[in-house]
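Hi,

Here is the model I promised to pass on. Have a look at it first, and my notes follow underneath.

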Amino acid sequence: MTTAVYPGSFDPIHSGHLDVIGRAREIFDRVVVGVLENEHKDYLFSVEERAELVRQSLAQGTDIEVRHFSGLAVGFAVAAGASVIVRGLRAVSDLDSEFQMALMNRRLEPQVHTVFLTTGFSNVYLSSSLLKDVCAHGGSIEGLVSPAVERALQLKLAPAGTVAGRAG
Ligand code: PNS
């Protein structure tokens, strides 16, 4: 039985992440999503909110586990009983930093392997930052995130006066 962890910020989770989670589950027996809490980073959503949004975005009845962690991703992998860290690649531009991370993680825990999965073509341009920017300016993010995330983003970010905005 092979367990894989999929660590990330997920601030918030979007369709590209969900695509990677689905592919990972096709390959590995057990998949644990790890939502990182980094006290030095400013997130839009708290770690509890981000983890809850991951749960709400997953298909009902799924066996994907969702946890949050702080510290090293390899430490999280070992604690979860995983021998694999999954990371999604959108484009070649992701590769540089991902390659660095994978090699450092291998040095830290040689028995934990990094596996890169490419995201689907329709998600190549997606990033959490871009989605927050679009939402903050009143643009539509429908279909790019789950309905739960769309609602949560609109509540936090959509400008008043837009259809999605609170006081509009
Ligand atoms: O979704 P992100 O922000 O691209 O995910 C980055 C993440 C969480 C995978 C990376 O920052 C990470 O692993 N952080 C945990 C701390 C750590 O292990 N640092 C050393 C990496 S070599």
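Leu144 touches His14, Ser15, Tyr125, Leu126 and Leu131, leaving out residues up to four places away in sequence; contact here means heavy atoms within 4.5 Å. Leu144 sits in the loop between helix 5 and helix 6, and its C-alpha atom is separated by 11 Å from that of Val134, 10 residues apart along the chain. Helices (H or I, at least four residues) and strands (E, at least two) are DSSP runs, numbered from the N terminus.

Before the rest, some housekeeping. This is a predicted model, so local features need pLDDT of at least 70 and side-chain atom pairs count only at pLDDT 80 or more, while totals for chains, interfaces and linings use all residues. Residues are numbered from 1 along each chain as its sequence is written, and side-chain values use heavy atoms, with hydrogens and water left out.

Now the sheet. It is open, with 5 strands in the order 3-2-1-4-5 and parallel pairing (two strands pair if DSSP finds at least two bridges between them). Strand 3 (65-69) and strand 5 (113-118) are the edges, each pairing on one side only. From one strand to the next the twist averages 35 degrees (axes are lines fitted to C-alpha atoms, for helices over the stretch in contact, and angles run from 0 to 180 degrees between N-to-C directions).

Strand 1 pairs with strand 2 in the parallel sense over 6 bridges, and 2 bridges join strand 1 to strand 4, also parallel. Ala4 stands opposite Val31 in strand 2 and opposite Val84 in strand 4. 6 of the 6 residues of strand 1 are buried, so the strand is largely enclosed by the rest of the structure; buried means under 20% relative accessible area, exposed over 50%, partly exposed in between (1.4 Å probe, protein chains only). Thr3, Val5 and Pro7 point one way from the strand, and Ala4, Tyr6 and Gly8 the other way.

What about the helices? Helix 4 (residues 92-108) lies across strand 4 and strand 5, at about 170 degrees to strand 4. In helix 2, the residues Val47, Arg50, Ala51, Leu53, Val54 and Ser57 are buried. Seen down the axis of helix 2, they fall within an arc of 160 degrees, so they line one face of the helix (the arc is that of the directions from the helix axis to the C-beta atoms). Their cover includes helix 1, strand 2, strand 3 and helix 6.

On to the interior. The largest nonpolar core has 32 residues, of which Val54 and Val86 touch the most other members; such a core is a set of buried Ala, Val, Leu, Ile, Met, Phe, Trp, Tyr and Cys residues joined through side-chain atoms within 4.5 Å. Beyond its neighbours within four places in sequence, Val54 is in contact with Phe10, Ile13, Val33, Val35 and Val66. A second, separate core of 13 residues includes Val5, Phe69, Ala73 and Ala82.

Last, there are 2 aromatic pairs (rings of Phe, Tyr and Trp, its six-membered ring, pair if their centres lie within 6.5 Å; planes under 30 degrees apart count as stacked, over 60 as edge-to-face and the rest as tilted). The rings of Tyr6 and Phe10 have centres 5.3 Å apart and planes at 75 degrees, so this pair is edge-to-face. Phe69 and Phe76 are stacked, at 4.6 Å centre to centre with 15 degrees between the planes, and both residues are buried.

Cheers
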